[in-house]
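Here is a short, friendly tour for someone meeting this structure for the first time. Take a look at it, and then we'll go through a few spots together.

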Amino acid sequence: GKFINIALVGNPNSGKTTLFNYASGSRERVGNYGGVTVDAKEAVMKKYGYRFNIVDLPGTYSITEYSPEELFVRNHITEKMPDIVVNVVDASNLERNLYLTTQLIDMDIKVVIALNMYDELEKKGVDFDYKALGKMMGIPIIPTIASKGKGIGKLLKKLIDSYEDRDPNIRHAHINYGEMIENGIKNIREKLCENPGLTDKYSPRYIAIKLIETDKTTMRQLTKLPNYEEIEFTANKVVKRLEQEYVEPSETIITDAKYGFITGALKETYREPKQFHGKVR
Ligand code: GDP
Ligand code: K
Ligand code: MG
C-alpha cells in the first residue's frame, strides 16, 4: 500500500503518546528516532490499505526557536516534510493549544486536528461547533478520546482523505493579520519569491512571518541567497514600521494577532453551559 508520513505535534500532555501507542499497537515496532538531545518515537502501522509511518514528536506550546524541543519539532516539519501533521489538541484547553495551530497554519502544510480529551468537553456539557472552527482554519477536526481508543479510525480515514486531496473542506487557509501586517508580509514575500529554489520548498508567507517576528534562525538560513541584503532591508523596514505603529515588539504584535484570531473564532463556535453553582441563568 501507499506510505503516509505522519508527525504528531501538540502541547505537552495533549495525549500524543497515548494516541501514538494506541494507533501503533504493541505489535508494531517502536524505536528511538535519531534525535539530538530530544528524541521522538517512530512506528509503522498498516490500516485501510495504507502504511502510516507515525512519529511522536516532543510536546511544545509553540514552534519558535526558544528551546531545543521547539527547534526539533520545527526542523522535523521543514526538513523531513511529513505528508501530514496531526495536531493533537487538548479540547479542555483550547485557547492555549490553538496557538500552536496558528503557527502550523502559517507553515502552509497539511494538518489534521485530533481534538483529543473530547470526553472532558462532553463532561462539561460544552457546545462546540468544531466543524465550523475547522472550516475557518481550513483544517479538518476529528474528536478523539485517545485513552479509550475512540475516534482513531475516523482520524486515520481523514488522514487518507487529506493525503489523497479528496476533502473539499481542506484548503490552504491563512490567518488574516490585518491590513498593516498583511502588507508587510506581502512586501517581504515579493523579495523571497525572487528565489524559486527557496519558495518551491518552503512557504514564502511562513518565512515572511518569521522575519517579521525577527526569528534569527530563519534569517540565518537565508544568508546565502543572492538578494539576502534586500530581503533583510525590507524585513527591517517592515518591522520598524509595525513597531512604530503598535509601540510593541513585532513578535508581540504577531502573537497578539494570533490570539485575536483564536478568541474571535472561539467566540463564534464555543459555548460553555449557562449553569453556575447549580443555578440556571
Ligand atoms: P503527551 O504529553 O502529549 O504525550 O500526552 P500523554 O499521551 O502522555 O497523555 C497525558 C495524559 O492524558 C495521560 O494521563 C493520558 O492517559 C491522558 N489522556 C490521553 N488522552 C486522553 C483523552 O482523550 N481523555 C482523557 N480524559 N485523558 C486522556
Ligand atoms: K507527558
Ligand atoms: Mg508524550
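Which residues of α7 are buried? In this predicted model, they are I181, E182, G184, I185, I188 and L192. These residues cover an arc of only 155° around the axis, which puts them on the same side of α7. There's a simple bit of background here: an α-helix has 3.6 residues a turn, so residues three or four places apart point the same way.

What do those buried residues pack against? Their partners are four helices: α8 (196-199), α9 (204-212), α11 (228-246) and α12 (250-269). As for α7 itself, the helix runs over residues 179-192.

Now for α3 (94-106). Here 11 of the 13 residues are buried, so α3 is largely enclosed by the rest of the structure. Among the buried ones are L94, N97, L98, Y99 and L100, and the list carries on to include Q103, L104, I105 and D106. After the helix comes D108, which has a positive phi, near 60°.

Here is how the two helices look side by side.

| Helix | Residues | First to last C-alpha | Expected at 1.5 Å a residue |
|---|---|---|---|
| α7 | 14 residues | 20 Å | close to 20 Å |
| α3 | 13 residues | 18 Å | close to 18 Å |

Let's zoom in on one residue of α3, namely N97. Is N97 buried or exposed? N97 is buried, with a relative accessible area of 2%. Leaving aside its neighbours within four places in sequence, N97 is in contact with N11, S14, V88, V89 and D90. You can also find I262 from here: it sits 165 residues away along the chain, yet the two C-alpha atoms are separated by 10.0 Å.

Another residue to pick out is I142, in strand β8 (residues 141-143). I142 is buried too, at a relative accessible area of 9%. If you set aside its neighbours within four places in sequence, the contacts of I142 are V112, I113, A114, L115, G151, K154, L155 and K158. Take K158 from that list: 16 residues separate it from I142 in sequence, and the C-alpha to C-alpha distance is 8.1 Å.

Next, the empty spaces. How many cavities of 30 Å³ or more are there in the whole structure? A search finds two.

The largest cavity has a volume of about 70 Å³. What kind of residues line it? The lining has 11 nonpolar residues, with no polar and no charged ones. They are I6, L8, L19, F20, A23, I54, V86, I152, L155, L156 and L159. At least two lining residues come from each of β1 (2-10), α1 (16-24) and α6 (152-163), and α6 has the largest share, with four. L155 turns up twice on this tour, as part of this lining and as a contact of I142.

The second largest cavity comes in at about 50 Å³. Its lining is made of I63, Q103, D106, Y206, I209, K210, E213 and K258. By class, that's three nonpolar, one polar and four charged residues. Both α3 and α9 supply at least two of the lining residues, with α9 giving the most, three. So two helices from earlier come back here: α3 holds Q103 and D106 among its buried residues, and α9 is one of the helices that the buried residues of α7 pack against.

How values were computed:
Residues numbered from 1 in each chain as written. Chains lettered and ligands numbered in written order. Predicted model: local features only at pLDDT ≥ 70, side-chain atom pairs only at ≥ 80, totals over all residues. Heavy atoms only, no water. Expected span 1.5 Å × (residues − 1). Buried < 20%, exposed > 50% of the residue type's maximum accessible area, 1.4 Å probe, protein only. Arc of directions from axis to C-beta. Contact = heavy atoms within 4.5 Å. 1 Å grid on protein atoms, 1.4 Å probe; cavity = no way out; pocket = protein on both sides within 12 Å on 5 of 7 lines; lining within 4 Å. Points joined across faces, edges and corners; volume = space filled by probe spheres on them. Nonpolar A, V, L, I, M, F, W, Y, C, P; charged D, E, K, R; others polar.
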